[in-house]
Amino acid sequence: MAGIGIPGVSDKYKTNDLVEGLMKVERIPLTREQDTLENYKTQQSAWRDVNQKMSSLRDSVKSLYSYDNPFNNKLASSSEEYAITASAGRDAAYETFKVDVVTPATSDRLLSKEIEKGEEVPEGTYTFKTGDKTVSFKWRGGKIEDFTTSLNKRGTGAVKASLIGVNKGKKALLIESLKTGADKRLLFEGAALDWAEKKEIIRKTATSEASFGNRASELSSPAADELSQNEQEGLPELSKNAVKIEKQGLVVSPRGGVVIKIPAKAAANGNTRVEFTLRAREVADITEAINQGFDKPDIPDAGSVSFGGVTVINKPSETGIVDSFAPKEPLEIVRDNSVLYARSADGEESEIEIPKEAWEFDDKGQGAEVKITIDAKKHPGLAALSIKNRNTGIELLAGTMTAFDAKKNAGFEAVHPVSEAGDAVIKYEGITINRPENDIDDVVPGVTLHLADKTERPATITIKPDTESAKDALIQFVGKYNQAVAEINVLSQNKPEIVDELDYLSGDEREAYQKKLGLFFNDFSLSSAKGSMQRIIAAQYKFSESAEVTMLNQIGISTNATNYSGYNPGKMRGYLEIDEKKLDEHLKNNLEDIKKIFGYDSDGDLIVDSGIGYLIDKQLTSYVQTGGILANKDSILNRQIDSTQKKIARLESQLDDKEAELRAKYGQMEGTLQSLERQQEGISNFTRQNQRNNN
């Protein structure tokens, strides 16, 4: 039985091969466009790689001359690191100074009496305060372990609780403030206060408060004031005579001065705190009357006495009054905010000003009342206060002064204190300084001190250049520069040895570079960029007449830093090398010069406008910026890729139609041939049948 042939499915007449052969010829334009598209994409990828390498190099050189350049980095070292360390900012000066840590800042860490494991904490609202932080929560009652966990969840950054095993089966609760400083005491309120008393964390104590400054015996006149001596000639000296004791406190008239002695018991207590109010008000200015002057008063004749014919004439009175009280030069009105001072037992020489805000007065000339708080811890040896009203038109009213023990005045004291809240006390170059925290950044400009413990001897803090970060930045710059040059060399030259010389490449990277080799052989923009960078690197930068380092090769960075004398084609390709020993020496001795050759102001307008970093940045910016050379090339390729993709889509559609047409025609031809074959086979069968019948 003859086989069955289905046109378009069976391939009895090899029509599929015939159609495929015809279509192969038809696909030649499509293949050409696909190759073109692949080439465009390869070029676009290569340009983007160039952009990435140049952008990376640009970022590196920008960091070498910008405000954040590594040449300004500082390192701080301490001779007593167990007690004090330091960190230096970019504005810190190169210097060495001494700091003695008398005591670091501490926080309240309070221990309870022994507590049974699983002991119940009664329900209630528990409130804990430390400084300006408040932790408050409602507790429904439960075990001490759960209470501790609940408090810690809510007390982040303010209060912390821990259970400490003190005896077998028994523990003690440690509650601590996470804020240091004398004004950050740990306070209990509500149910927390009752429970803290019950567990002997705190106990009630009698307050100790003493009023002073309202008795004449506690007041004295200040010594000659140096500032007064340097003031305008004709002003009255500061005097206690211009100070009055009134029911509401002291009234200090213009040019009044007074020293108020603190009670001896309070002065001897290092926890003493002095509080009072201070108010200012405007009064008639005394300079107007002084400037007007007045005539010498009439003084009666001294007279005489006679006895026994002898007359004795009395000596005229010596008043010291000149003919006129008007000053030689008119006095100007004095407004001075420096009026309050803390004085130790050493006297006026140890006075420290207590700063306050500038006076502000309402329409009636009244100033706002200011609360003054002075802690003895911040003023060691505090013995007296001094008020010096140098003003000529302002009267001061100091309210009743009180001195009390700051730790007891809240009505409670710790029963088992592990540590108590206190300020850090340091001596900087012999000057006593108090701060509430252990990180102190306002004593030495640009330097933050970190306190950990008291020092056994003064610590020496040294601020010096961070040459390591500068070196790392220079090494990174050389690496980025060489990567950019390598990218340019590979794309602009058709020499396989260029890729072979890059021994840092991985296998995949090497293969990718081989494919890109010489891709932009005729593109002038790459060779131009490389030539410009080489000229910038090799140039001299004379930023000042006294400059010792003016070229990059002087510090050990050049295309032949190793001084190789033989022939090596790789050294001709523009890669930089580093003589590390030479670089280290110049970083140590010429750091400022190295900084300048990467960026300096050449015309005095305080803007960097020259140097290796600045010029390479400027050169590369024209390539990598938005709308720059590389962006334009990418844009052109994008248009070409888009156009080619449209051509490919159109050709593919045409080829699909063509292939369908051919298959239809050859399928029809195949069907016709199969029909003829069947007819022929029918005739043959008929003939054979007749022959058999005739026989």
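In the classification applied here, Ala, Val, Leu, Ile, Met, Phe, Trp, Tyr, Cys and Pro count as nonpolar, Asp, Glu, Lys and Arg count as charged, and the others, Gly among them, count as polar. The structure described below is a predicted model.

The overall form of the protein is considered before its internal spaces. The chain forms 15 helices and 35 strands. Its radius of gyration is 47 Å, well over the 26 Å that the globule rule gives for 695 residues, so the protein is more spread out than a compact globule. Along the principal axes, the C-alpha atoms occupy a box of roughly 210 × 80 × 60 Å. Of the 695 residues, 40% count as buried. The protein exposes an area of about 38900 Å², of which carbon and sulfur atoms supply 48%. Among contacts with a separation of 6 or more, 73% are made by residues 24 or more positions apart.

The empty spaces within the model were examined next. Rolling a probe the size of a water molecule over the atoms shows where empty space is left. Two cavities of 30 Å³ or more were counted.

The largest cavity holds about 100 Å³ of space. Its lining is made up of Ala182, Arg185, Gly270, Asn271, Thr272, Arg273, Asp375, Ala376, Lys377, Ala406, Lys407 and Ala421. By class, these lining residues comprise four nonpolar, three polar and five charged residues.

The second largest cavity holds about 40 Å³. It is lined by Phe212, Gly213, Asn214, Gly249, Leu250, Ala398, Gly399, Thr400 and Met401. The elements that contribute two or more residues to this lining are β16 (249–252) and β25 (394–399). In terms of class, the lining of the second largest cavity has four nonpolar and five polar residues, with no charged residues. Charged residues are thus absent from the lining of the second largest cavity, whereas five of them line the largest cavity.

Pockets are treated separately from cavities. The largest pocket encloses about 380 Å³ of space. It is lined by 18 residues, and those closest to its centre are Pro355, Lys356, Val370, Lys371 and Ile372. Strand β23 (residues 370–375) gives the most to this lining, with six residues. The lining of the largest pocket consists of eight nonpolar, three polar and seven charged residues.

Two individual residues illustrate opposite surroundings in the model. Leucine 502 is located in the loop between α9 (496–500) and α10 (507–516). Its relative accessible area is 4%; because buried means under 20%, leucine 502 counts as buried. Apart from its neighbours within four places in sequence, leucine 502 is in contact with Ala486, Val490, Arg510, Tyr513 and Tyr575. One of these partners, alanine 486, is 16 residues away in sequence, and the C-alpha atoms of the two residues are 8.0 Å apart in space.

Lysine 204, by contrast, belongs to strand β12 (residues 202–204). Its relative accessibility is 61%; because exposed means over 50%, lysine 204 counts as exposed. When neighbours within four places in sequence are left aside, lysine 204 is in contact with Glu197, Gly411 and Phe412. Lysine 204 and alanine 158 are 46 residues apart along the chain, and a distance of 24 Å separates their C-alpha atoms.

Key: Residues numbered from 1 in each chain as written. Predicted model: local features only at pLDDT ≥ 70, side-chain atom pairs only at ≥ 80, totals over all residues. Heavy atoms only, no water. 1 Å grid on protein atoms, 1.4 Å probe; cavity = no way out; pocket = protein on both sides within 12 Å on 5 of 7 lines; lining within 4 Å. Points joined across faces, edges and corners; volume = space filled by probe spheres on them. Helix = DSSP H or I, 4+ residues; strand = E, 2+ residues; numbered from the N terminus. Rg over C-alpha atoms; globule rule 2.2 N^0.38 Å. Buried < 20%, exposed > 50% of the residue type's maximum accessible area, 1.4 Å probe, protein only. Contact = heavy atoms within 4.5 Å. Areas by Shrake-Rupley, 256 points an atom, 1.4 Å probe, with all protein chains shown as cover.
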